[in-house]
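Q: Please take a close look at one part of this structure: the pairing of charged side chains. Which partners are buried and which are partly exposed? Add a few sites elsewhere for comparison.

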Amino acid sequence: MTSSRNKARHKTVMSGSGPGQGGFRQAQAWLHTWCGLWFSWLLFAVFLTGTLAVFQEPISHWMTPEHRAEEAAAAAAPADPGAGRAQRLAWAVAYMAEHHPAAAMWELWPSDAQGGGDLTVYWFDEKQQYVSAKLDPATGAPVPAGAGGPALRGTLAGQHFVDFHYELHAGSIGLWIVGIAALAMLVALVSGVITHKRIFKDFFTFRPGKGQRSWLDAHNAVAVLTLPFQLMIAYTGIVISGMSFMPAAKLAHYGAGAAAQQRFLDDLGGGQPARSGRAMPVPDLEAFAARGQALMGQPVRAVVIDHPGDAAARIGVYGWNDDAAAQRHLSPTSGMASFSAATGAVLRVRLPGDADGGTASLAQSAMGGLHMASFGGWAVKWLYFLCGLAGAAMMATGAILFMVKRRSKHLGEFGGATARVYRLIEALNVAAIAGLALACVGYLWANRLVPLGIGQRAGWEQRVFFGLWLLALAHALWRPPAKAWREQLGLFAGLCLLLPVLDFLSTGDHLPAQWQRGDWESVGVALVSLALGVAAACAARFLWRREKRAALARRSPRALTAAERSA
């Protein structure tokens, strides 16, 4: 009797009946099934690339091997720390006054947190592009591009996964698409909890080898395991872009136009002061840097001058957020102190972990820190990485479960085109899951294989990423679904397992050497790649054996031995 009730419940939950049929839970089941399906492919892509973005810095480190060699050489033979901060700031001001006097903003990075390191200046050119120049910290002379070692290869590195994760490399349109998908994810999560009223009990149940039931058990397990994480990620992802999604309050208070935007920035402390039209030389910056460091309690990272050479100039001193400070605050902001260049008066002070604009801005900044794992160090990053993989697995198993149920039986939702629609959905499942994974590791391969001297090299790496993804879709449409899954997973496994070999052949660096010198970022990329390759190889082997058993059963059912059935 109990078994019959469970079967009836499962049939009700997984049915494709319309939203108006049955009771409230049946309506939520319909909403969960179809909302989850149509957004699962996009959400899987956002979740997978967001999971990789957690380790943006190690990926970027691996993708710039020239930088790795430079860091290793610096560790082996520490460079001369050069001049002190006061002299460095004076050299930076002299360089900017000579070469870029008309720039509306000078951003000077005098040293690292220990007082050594590089001396770098930044500004916006006539095209409003953010550009920089490096100065010799011992003499103040400009350092020619490429001097001191090989030039870094043109690459977006780990930033590619960050940008794709939140805007699909499509600017504001992509931001809106991801925001709508995040909202759909919240709907799917809530409707899923309502639909599966025994979801927490089902979390402890897994029945392997049961087809549809096994996929449902896996879907429930990873969903319940990471449900708080997924709710948090979806919600905070919407909140941190809330001003773009819900601008009505801002428009009602400030209005529209450039003047309104300036008032908004002024209230947040990010607007530039108006020019006075009276000339005034840039004062000695060391006094401002020392006062700013004392006020905010952090070493000086940068000194920013708005309208240099004008009597209304403003000097902002920004602090270094060291690892210990970052782990103590949800908000990732560093300290800041701003001064009037003419009078030396303190205009604003922001302590580390605070935010300009009041409590609402602080809450939004904390949401951003919570979303981007800017606190807690490597332990939190690994937790986010594992939860992100589990979240991606939840979306993948949900999309596969949809097709497992309808592979042998569907409800004719699309009339005479139902079979073709479901064939397309199967191909999209393959391309969205296995194909995207293939594109991600292909992006790392492109970093080593695209010629270094080619123009717009970072763009070519992205073209490899999207090109491989498109080829995966074409392959999934061409091949039968079972073969497409096996072949794409097999290729993904091969590329992952051979990635350390490619690294050695292209750069001469290898895993034992990285381990010996303590290059844990490169070691981490290699080990994760190998682990994912082994997992994908096991999955591809499982699919091959299942396909082989199915073919043998079709040819001669009696020839299928008990051992083969249990394999």
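A: Start with the cut-off. A residue counts as buried under 20% relative accessible area, as exposed over 50%, and as partly exposed in between. The model is predicted.

Take Ser-60 as a test of that scale. Its relative accessibility is 17%, so Ser-60 is buried. Ser-60 sits in helix H3, which covers residues 56-63. Leaving out residues up to four places away in sequence, Ser-60 touches Ala-157, Gly-158 and Gln-159.

Now the charged pairs. Side chains of opposite charge can pair when their charged atoms come close. Searching the whole structure gives 9 salt bridges. Three of them are followed here, including the pair Arg-448 and Asp-503.

Arg-448 and Asp-503 meet through their side chains, with 3.0 Å from N to O. This pair links distant parts of the chain, as its partners are 55 residues apart. Arg-448 belongs to helix H18 (residues 418-449), and Asp-503 to helix H20 (residues 481-507). What is the burial state of each partner? Arg-448 has a relative accessible area of 8%, so Arg-448 is buried. Asp-503 has 3%, so Asp-503 is buried too.

Next comes Arg-517. One salt bridge runs from Arg-517 to Asp-509, where the closest N and O atoms are 2.5 Å apart. Another joins the side chains of Arg-517 and Asp-519, at 3.1 Å from N to O. Through these shared partners, Asp-509, Arg-517 and Asp-519 become one network.

How does burial run through this network? Asp-509 is buried, with a relative accessible area of 10%. Asp-519 is buried as well, also at 10%. Arg-517 has a relative accessibility of 37%, which lies between the 20% and 50% cut-offs, so Arg-517 is partly exposed. The network therefore joins two buried Asp residues, Asp-509 and Asp-519, to a partly exposed Arg-517.

One nonpolar site offers a contrast. On the surface, Leu-295, Val-346, Val-349 and Leu-351 form a nonpolar patch. Together they have about 290 Å² of accessible area. Leu-295 lies in helix H14, residues 285-296. Its relative accessibility is 37%, so Leu-295 is partly exposed.

To recap: Arg-448 and Asp-503 are both buried. In the network, Arg-517 is partly exposed.

Definitions and conventions
Residues numbered from 1 in each chain as written. Predicted model: local features only at pLDDT ≥ 70, side-chain atom pairs only at ≥ 80, totals over all residues. Heavy atoms only, no water. Salt bridge = Lys/Arg side-chain N within 4 Å of Asp/Glu carboxyl O. Helix = DSSP H or I, 4+ residues; strand = E, 2+ residues; numbered from the N terminus. Buried < 20%, exposed > 50% of the residue type's maximum accessible area, 1.4 Å probe, protein only. Patch = residues over 30% accessible without salt bridge, like charges linked within 9 Å, V, L, I, M, F, W, Y side chains within 5 Å. Areas by Shrake-Rupley, 256 points an atom, 1.4 Å probe, with all protein chains shown as cover. Contact = heavy atoms within 4.5 Å.
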